[in-house]
Structures are given as C-alpha cells and as structure tokens.
Amino acid sequence: MTQSPKYQRCLVMAGGGFRFPYYLGMYAAAVDSGNPPDLLLASCGGSIAAAVIQALPDDAQRKAWVSSPAMYAFLCGLQSTPKAAIGRSFVRALKRRLQKGRTKLVPDLFDDYFFEIPPELPLPPRQSYDAPAVAIVGGKILFEPEDVGQLRAGRKLFAETVFGDARSAALLDGMVSPLSAPQWGDNAIAPRLLTDVGMPIGDAVRISISDMFYFRCHAHEDQHYMGGVIDLFPIEVAQRMAHSVVIEMKAPFSQNAAIPALRAVLGIDGNQRLRHIHAQRADVWIDSSDVEQVLRSSGMQQKLAWRENRIRLVMPADYRSFVVQVETQWQYGYQRAREAFAKAAAGEKPQMRHATKHNRPAP
C-alpha cells in the first residue's frame with residue numbers, strides 16, 4: 001500500500017460517553033483558535049461527535065442535531081436488560097475485582113450486557129463541505145459465541161481496528177497495535193492493527209460505542225466487533241497519522257469497577273496505560289480530568305431502581321432540560337479547549353486540575 005502524506009493536525013476524541021456534545025465544543029475552539037484539525041480520531045462516545053462534525057458544516061447545525069428531539073428519543077430509548085439486576089451486577093463486579101490474573105476465560109460480549117441500544121442511531125446525512133477526515137477506533141472479535149467461557153490459554157481475542165478512508169488505511173499500513181505490546185502483560189489483543197475502509201460510518205460509530213458489560217457487541221456482515229474501549233486513548237495511532245496531535249488529559253480509572261472490567265476482558269491495566277499516555281508527546285493537552293465533577297448532573301445518569309431490581313440509565317425528564325444540558329456540555333468542551341490552545345501557544349506546561357476517578361470506561 002502506497003504511503004500517504006500525514007494529516008497536519010489530529011484532534012483525538014477519546015471517550016466522553018453520552019456527554020459527547022463537549023467534543024463539538026472542543027472542535028469549535030480548535031477552529032476559533034486558528035488550529036483547525038484535518039483529522040478526527042474518535043473512540044466510544046467521541047465517534048458520534050466526529051460523525052456529526054464530518055456531516056454538518058457549522059457549529060449551529062451540529063449543536064441543533066445533537067440536541068434534536070430525535071437524539072433525545074434515542075438516548076431515552078436505552079433500556080435495561082435482565083442482566084442489569086442490581087444484586088447480580090454487584091456480585092459479578094465483585095468477582096471481577098477479586099479475580100487474579102488477566103482474561104482467563106473468553107468473555108461473553110454477546111449476551112452478558114446491561115442495556116439495549118435502539119436500532120437506529122440518528123446521524124445526519126453528509127453535506128458537501130471541506131470536512132475533516134474521520135477515523136474511528138473499534139475492535140474485531142476473534143472468537144465465536146460458542147467459545148464463550150472457555151479457557152483463553154494465551155489466545156488473542158481482539159484485533160484493534162480503525163475504520164476510515166483509504167488515506168488513513170495507508171498511513172496505518174503495517175502498524176502494530178500499541179495495546180499488544182509485552183509491557184501490558186498477558187493481554188488479549190492481537191499484534192496486527194487492522195484497518196477497514198468499507199464500513200458504513202453509522203456501523204463504525206455503533207461499533208465504537210459498544211462497551212463490554214454495558215452494551216452488546218455489534219454485528220456487521222457476519223463479523224462481530226467490540227467498542228473503542230479497546231484503545232480508549234489512541235495517541236500512538238494519532239502520532240502515526242498526523243504531524244500535530246491534540247488530545248485530552250483524563251482522570252484515572254476506578255480500581256473498583258473500571259480496572260477489573262478492563263483486566264477481565266482485554267487483559268490491560270487501564271491506569272498503567274493512562275500513565276503511559278500522559279508521558280508521551282502531544283502538541284496540545286486538553287485537561288478534561290474534572291469532567292465527572294463539573295458535568296456530574298448533566299446528561300445521562302445511572303440510577304438504582306430498587307423496586308424494579310434494575311440499574312437504569314436516566315435522561316433529563318423533559319426535552320427542554322436536555323437542550324440546556326447539551327449546551328452546558330458544549331460550553332465545557334469549548335472552554336477547556338480554548339484554555340489548552342492558549343497555554344500551548346504560550347509554551348506553558350500542562351497540569352491536570354482534578355483526579356476524580358472514572359467508574360467505567362465511557363461508551
């Protein structure tokens with residue numbers, strides 16, 4: 001495959017969950033500060049924002065889309081499954097925390113999940129304008145449903161996969177997945193990083209927001225895929241694809257929930273990986289380490305419905321409140337990014353402002 005020229009500037013949209021509107025604010029701040037990205041590298045919830053930015057040509061249209069009645073209805077449509085029974089959920093989480101070693105058994109990503117995602121993700125049709133390229137991170141599942149529960153015995157279960165265009169694929173040709181390195185121990189990720197130029201963007205986004213134990217893996221043409229959590233902070237991929245990298249500084253993961261989940265499925269210590277990310281080179285670090293504190297009452301909330309014996313995802317009670325919260329999230333991203341670009345221009349060293357732990361990898 002012929003090597004293509006690198007992109008000039010990559011904005012990494014890593015995570016965000018269903019607070020993804022804050023990435024629209026970050027993108028707007030990058031443009032307003034004279035640093036427009038020509039590549040968006042997205043994982044998990046950030047992939048929704050990236051798809052909206054690529055499809056719509058201005059901030060007003062993008063904000064209107066993510067705060068639309070259709071998006072509100074979609075988010076309200078996430079429903080609990082019987083696997084989200086409160087007692088069962090806590091027992092399974094405790095077992096993962098007490099489990100020694102990494103990814104001993106082939107995990108069940110087909111039937112063991114808490115929430116059903118509505119079948120239609122409301123993404124806008126793409127308009128014609130000079131849009132940034134989009135590359136979306138996911139993971140191809142290398143086992144079948146009948147393998148679930150078997151001893152892994154060193155088998156590689158996932159292949160990190162980047163969905164994008166031909167130029168992105170050329171830039172990543174021959175790359176080894178950074179998550180497969182021996183420094184991460186006996187992990188379940190195959191060495192070869194895959195690319196896919198034929199995946200429809202709607203399916204790529206659905207793949208990326210799939211999150212083990214939260215949402216079912218996504219099927220496309222007889223293949224199954226897991227979410228962008230396989231490489232939630234793809235800084236090495238960004239460095240390979242672009243001359244300049246803009247990425248977030250994230251708070252550490254919770255040792256009670258997130259770390260055991262990552263260890264059980266991927267065989268990775270999420271906080272070890274995060275420290276490695278923060279030690280690498282990036283041209284601009286956007287400090288969103290306080291997002292759980294600042295936006296804790298904004299957007300989707302996880303609630304324990306004791307009478308129903310269910311963990312539920314709860315949206316704002318009415319559409320008007322949802323629109324207000326989208327604006328709050330957008331402004332958070334815009335302000336944090338403007339601050340980061342200003343500090344980078346002044347040569348200031350980035351410092352993390354907060355250390356609230358994430359309870360789970362954000363879908």
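# Cavities, cores and aromatic pairs

Searching the whole structure turns up four cavities of 30 Å³ or more. Keep in mind as you go that this is a predicted model. The largest cavity has a volume of about 110 Å³, and 13 residues line it. Those that lie nearest its centre are Val229, Leu232, Leu262, Ile268 and Arg273.

One of those names, Leu262, takes us to helix H9, where it is among the buried residues. How many of the residues of H9 are buried? Eight of the eight are, so H9 is largely enclosed by the rest of the structure. If you want to click through them, they are Ala258, Ile259, Pro260, Ala261, Leu262, Arg263, Ala264 and Val265. Notice that an arginine, Arg263, is on that buried list along with Pro260. As for what covers the buried residues of H9, the list includes helix H5 (86-98), strand S6 (158-163), strand S8 (213-215) and helix H10 (270-278). After H9 comes Gly267, with a positive phi near 75 degrees.

Now step back to the loop that leads into H9 from strand S11 (242-249); Ala251 is found there. Is Ala251 buried or exposed? Its relative accessibility is 1%, so Ala251 counts as buried. Ala251 also has a partner from elsewhere in the chain: Ser289 is 38 residues away in sequence, yet the two C-alpha atoms are 4.5 Å apart in space.

H9 and H5 turn up together again at the second largest pocket, where each supplies at least two residues of the lining. H5 gives the most, with three residues. This pocket has a volume of about 300 Å³ and a lining of 15 residues. Nearest its centre lie Arg92, Gln99, Leu105, Pro107 and Phe213. Phe213 has something else going on: the charged end of Arg96 sits over its ring, 4.0 Å from the centre.

Next, the packing. In soluble globular proteins, nonpolar side chains tend to be buried together. Here, the largest nonpolar core has 62 residues, and the members that touch the most others are Met13, Phe18, Leu40, Leu75, Phe215 and Ile286. There is also a second, separate core of 55 residues, which includes Val137, Phe143, Trp184 and Ala261. Ala261, you may recall, is one of the buried residues of H9. Back in the largest core, what does Ile286 touch, not counting residues up to four places away in sequence? The contacts are Leu11, Met26, Val246, Ile247, Glu248, Met249, Arg336, Ala337 and Ala340. Phe18 and Phe215, meanwhile, belong to one aromatic cluster with Phe114, Phe115 and Tyr214.

Another enclosed helix is H2 (residues 46-55). It has 10 of its 10 residues buried, so H2 is largely enclosed by the rest of the structure. Among them are Ile48, Val52 and Ile53, but also Ser47 and Gln54.

That leaves the rings. Over the whole structure, a search finds 16 aromatic pairs. In one of them, the rings of Tyr22 and Tyr332 have centres 5.7 Å apart and planes at 85 degrees, so the pair is edge-to-face. Because Tyr22 lies in helix H1 (residues 21-32) and Tyr332 in helix H12 (residues 319-345), the pair ties together parts that are 310 residues apart in sequence. Both partners count as buried, Tyr22 at 2% relative accessibility and Tyr332 at 4%.

Trp330 and Tyr334 make a stacked pair, with 5.3 Å centre to centre and 10 degrees between the planes. Why are these two separated by about one helical turn? Because they are four residues apart in helix H12. An α-helix has 3.6 residues a turn, so residues three or four places apart point the same way. Trp330 is buried, with a relative accessible area of 9%, and Tyr334 counts as buried at 17%, given that the cut-off is under 20%. Trp330 has a charged companion too: Lys63 lies over its face, 3.9 Å from the ring centre.

One last stop is Ser68, in the loop between helix H3 (59-66) and helix H4 (69-76). At 13% relative accessibility, Ser68 counts as buried. Setting aside neighbours within four places in sequence, Ser68 is in contact with Tyr319 and Phe322.

Notes: Residues numbered from 1 in each chain as written. Predicted model: local features only at pLDDT ≥ 70, side-chain atom pairs only at ≥ 80, totals over all residues. Heavy atoms only, no water. Buried < 20%, exposed > 50% of the residue type's maximum accessible area, 1.4 Å probe, protein only. Core = buried A, V, L, I, M, F, W, Y, C linked by side-chain atoms within 4.5 Å. Contact = heavy atoms within 4.5 Å. Phe/Tyr/Trp six-rings, centres within 6.5 Å; stacked < 30°, edge-to-face > 60°. Lys NZ or Arg CZ within 6 Å of the ring centre and 35° of its normal. 1 Å grid on protein atoms, 1.4 Å probe; cavity = no way out; pocket = protein on both sides within 12 Å on 5 of 7 lines; lining within 4 Å. Points joined across faces, edges and corners; volume = space filled by probe spheres on them.
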